[in-house]
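Student: Could you take a close look at one part of this model for me, the packing of its interior? I'd like one connected account, with the cut-offs spelled out as you go.

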Amino acid sequence: QVQLLESGGDSVQARASLRLSCRASGFTLNHAYMAWFRQAPGKEREGVAYAYTGGRSRFYADSVQGRFSLSIDNNANTFYLQMNDLKPEDTAMYYCATSDGYLSRWRRLAQSAYKYWGQGTQVTVSS
């Protein structure tokens, strides 16, 4: 069955960098719709970054544009989120997700578009 396992979260100082990993099993990342979401305490879960792994399609939320980037290692079947210049407002639990089939560009960061979710990895950024 489809499983996603996140890792890489940590407690860091502002302006530090972290790389989150999402190891996929039960499917291959060659042609998948993938995303990272995050949820801070007391806030709604929000979409952070999206990729279609079968092409070059990438999309980032305004709040992380220019600081976060996505990459994929097909050999390791792992999806990464590189986070640079971290800010205290990036503090959240980060989740990896994948859809069950085609996902339109209009729903790239819509939670309801994603069927499978990991358990999350915590990122804490202090000032």
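Tutor: Happy to: here is a walk from the core outward to the strands and loops around it.

First, some ground rules. The model is predicted, so local features need pLDDT of at least 70 and side-chain atom pairs count only at pLDDT 80 or more, while totals for chains, interfaces and linings use all residues. Residues are numbered from 1 along each chain as its sequence is written, and side-chain values use heavy atoms, with hydrogens and water left out.

Let's begin with the largest nonpolar core, which has 29 residues. Such a core is a set of buried Ala, Val, Leu, Ile, Met, Phe, Trp, Tyr and Cys residues joined through side-chain atoms within 4.5 Å. Buried means under 20% relative accessible area, exposed over 50%, and partly exposed in between, using a 1.4 Å probe and protein chains only. The members that touch the most others are Met34, Trp36, Phe79, Leu81, Met83 and Tyr94. At least two residues each come from β3 (18-25), β4 (33-39), β5 (46-52), β7 (68-73), β8 (78-83), β9 (92-98) and β11 (121-126). Strands are DSSP runs of E with at least two residues, helices are runs of H or I with at least four, and both are numbered from the N terminus. β3 gives the largest share, four residues. There is also a second, separate core of eight residues, with Tyr33, Ala35, Phe37 and Ala97 among them.

Next comes the covalent link. A search of the whole structure finds one disulfide, the term being used for a pair of cysteine sulfur atoms within 2.5 Å. Cys22 and Cys96 form this link, with their sulfur atoms 2.0 Å apart. The torsion about the S-S bond is -75°, which makes the link left-handed. Cys22 sits in strand β3 and Cys96 in strand β9, 74 residues apart, so the pair links distant parts of the chain. Cys22 is buried at 0% relative accessible area, and Cys96 is buried at 0% as well.

Now for the strands. β1, β3, β8 and β7, in that order, form an open sheet with antiparallel pairing; two strands pair if DSSP finds at least two bridges between them. β1 (3-7) and β7 are the edge strands, each pairing on one side only. On average, neighbouring strands here are turned by 20° against each other, direction ignored. The axes behind that value are lines fitted to C-alpha atoms, for helices over the stretch in contact, and angles run from 0 to 180 degrees between N-to-C directions. The antiparallel pairing of β7 with β8 has six bridges, and Ser69 stands opposite Gln82 in β8. In the loop between β7 and β8 lies Asn77, a residue other than glycine with a positive phi near 50°. Asn77 is buried, with a relative accessible area of 14%.

β11 is worth a look of its own. Its covered face holds Thr121, Val123 and Val125, and its uncovered face Gln122, Thr124 and Ser126. β11 pairs in the parallel sense with β2 over three bridges, where Val12 stands opposite Val125. β11 also runs antiparallel to β9, joined by three bridges, with Ala92 opposite Val123.

Val125 leads us to Ala16, since the two are 109 residues apart in sequence and 8.4 Å apart in space, C-alpha to C-alpha. Ala16 lies in the loop between β2 (11-13) and β3 and is partly exposed at 22%. Leaving aside neighbours within four places in sequence, Ala16 is in contact (heavy atoms within 4.5 Å) with Met83, Asn84, Asp85 and Leu86. Arg15 is in the loop between β2 and β3 too; Arg15 is exposed at 68% and has a positive phi of about 80°.

One last stop is Thr53, in the loop between β5 and β6 (58-60) and buried at 11%. Its side chain reaches the backbone oxygen of Leu29 at 2.3 Å, and a polar atom of that side chain lies 2.7 Å from the backbone nitrogen of Ala32. Polar contacts here are pairs of N or O atoms within 3.5 Å; within protein, one must be able to donate a hydrogen and the other to accept it, and residues adjacent in sequence count only if both atoms are side-chain atoms. Beyond its neighbours within four places in sequence, Thr53 is in contact with residues including His31, Met34 and Ile72.
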